[in-house]
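Below are some notes for a colleague who has the model open. They go through the points that seemed worth checking residue by residue.

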Amino acid sequence: MYVTMKEIVDRAYKEGYGVPAVLGENETCIIAAIGAAEETKSPLIFINFVDTMPDPFFYCRMVKTYADQASVPVALCLDHSPDFADAVAGIQAGFSAVMIDRSRLPFDENAKEVKELVRIAHSVGVTVEAELGHVGDGENYETDGKTAFTDPDEAQRFVEETGIDCLAVAVGTAHGAYRGTPKIQFDRLRELHERCSVPLVLHGGSGSGDENIYKACQNGIAKVNFARDIVQAGYDALMEAKLEGDSMYDFFDVITNGIKEKVKHFFEITGCKGKAWSQIPEFGVQKLGLEGGKEHEDK
Ligand SMILES: [Zn+2]
């Protein structure tokens, strides 16, 4: 079933586990990850980016169709929406969550813009994730991976002022492939967890190490983003399969299964495996009572 991301992360946060938010760039990724979620009875979040979707409306319809047919809760988050208009367009297209990244702006500007987005998103039942501090790129990890960590004082203020549903924090992970060994600042993470009243999000989960991920999920992280590892899993499976002749027809199955096994692994290391629940969908027009609803029928 297609649900808001808030339902998934709130539950994870309260019960002390994390949920993998995996790259859902195309139908192959979607089928693979939902397959893994159903087989392990786990809730699932997809992330995708503005520049990978030729038509966000078509894309959201596709994900929602697969999600609604699934026996587990599935949410879809527009990751790193580059500006305000992109985030609002994401809400319009049908994402059940939007992540707004204004982490390079000064605090007050960042908070002001995020607060406005929260008002719009919440009025139609869409979850908002924002980032404070800056999660850099793994390629530059030795240099910029060690800057712009999230400050606990600022984080507390930011959460209170904006009304966001979850906060992406910079505690030592990085996007993409690491050059150097990731060192997560668990003391900082624990303090952020203590000070902030919302679930925390870890970006740059790929290559961060299973133990680090597990430990982070025990300390307030309720969502872990994995993008590069998803692509890598498909690629590795394909290289191992060494397809030739008519076995070439297995091309897509090999990639799908490679991704599926990786997502199952993510459910294990986040503590998310087996945590799915069943419920009546709450997202969108039904939640707002715009479909005629029960009240009308009773009259
Ligand atoms: Zn990110």
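**Notes on the predicted model**

1. Arg179 sits in the loop between β6 (166-169) and α8 (186-195). The model is a predicted one, and that applies to every point here. With a relative accessibility of 51%, Arg179 counts as exposed, because the cut-off for that class is over 50%. Arg179 and Ser197 are separated by 18 residues in sequence, and their C-alpha atoms are 33 Å apart in space.

2. Which residues supply the protein donors of the zinc ion? They are His80 through NE2, His175 through NE2 and His203 through ND1, at 2.0 to 2.1 Å from the ion. Their spacing along the chain reads H-x94-H-x27-H. His80 belongs to strand β3, while His203 is in the loop between β7 (200-202) and α9 (210-217), so this pair ties together parts of the chain that are 123 residues apart in sequence. Both His80 and His203 are buried.

3. The UniProt record, an unreviewed entry, marks His80, His175 and His203 as "binding site". These residues are spread over 124 residues of sequence but cluster in space, with a largest C-alpha distance of 11.7 Å. The residues annotated in the record are thus also those named as zinc donors in the model.

4. His80 deserves a separate look. Its place is in strand β3, and its phi is near 50°, a positive value in a residue other than glycine. As a general matter, most residues other than glycine have a negative phi. Beyond its neighbours within four places in sequence, His80 is in contact with Phe49, Met99, Asp101, Glu131, His175 and His203. That list includes two zinc donors, His175 and His203.

5. The same unreviewed UniProt entry also gives "binding site" for Asp101 and Glu131. The two are spread over 31 residues of sequence, yet they cluster in space, the largest C-alpha distance being 5.6 Å. Asp101 is in the loop between β4 (97-100) and α5 (107-123). Leaving out neighbours within four places in sequence, the contacts of Asp101 are His80, Ser81 and Glu131. Both Asp101 and Glu131 also appear among the contacts of His80.

6. Is Asp79 buried or exposed? Asp79 has a relative accessible area of 3% and is therefore buried, the limit for that class being under 20%. UniProt, in an unreviewed entry, places the feature "active site" at Asp79. The residue is part of strand β3, which covers residues 74-81. Apart from neighbours within four places in sequence, Asp79 is in contact with Ile47, Asn48, Phe49, Met99, His203 and Asn225. One of these, His203, is a zinc donor.

7. Phe226 is in strand β8, residues 221-226. Its relative accessible area is 1%, so Phe226 is buried. Not counting residues up to four places away in sequence, Phe226 touches Pro20, Ala21, Val22, Leu23, Ile47, Gly205, Ser206, Ile213, Phe266 and Ile269. For one of these contacts, Leu23, the separation from Phe226 is 203 residues in sequence and 6.4 Å in space, C-alpha to C-alpha. Ile47 is in contact with Asp79 and is touched by Phe226.

8. The second largest pocket holds about 180 Å³ of space. Its lining consists of Leu23, Glu25, Asn26, Thr28, Cys29, Ile230, Val231, Gly234, Tyr235, Phe252, Ile255 and Ile259. Two or more lining residues come from each of α2 (27-40), α10 (228-241) and α11 (251-270). Of the elements involved, α10 gives the most, with four residues. By class, the lining has eight nonpolar residues, three polar and one charged. Leu23 is part of this lining and is also touched by Phe226.

9. Lys41 is a further residue whose backbone should be looked at. It lies in the loop between α2 and β2 (44-48). Its phi is near 55°, a positive value in a residue other than glycine. At 56% relative accessibility, Lys41 counts as exposed. His80, for which a positive phi is also given, is by contrast buried.

Methods: Residues numbered from 1 in each chain as written. Predicted model: local features only at pLDDT ≥ 70, side-chain atom pairs only at ≥ 80, totals over all residues. Heavy atoms only, no water. UniProt positions renumbered as here; feature names shortened; annotations may be inferred. Buried < 20%, exposed > 50% of the residue type's maximum accessible area, 1.4 Å probe, protein only. Contact = heavy atoms within 4.5 Å. 1 Å grid on protein atoms, 1.4 Å probe; cavity = no way out; pocket = protein on both sides within 12 Å on 5 of 7 lines; lining within 4 Å. Points joined across faces, edges and corners; volume = space filled by probe spheres on them. Nonpolar A, V, L, I, M, F, W, Y, C, P; charged D, E, K, R; others polar. Donors = N, O, S within 2.8 Å, 3.2 Å for Na, K, Ca; no water.
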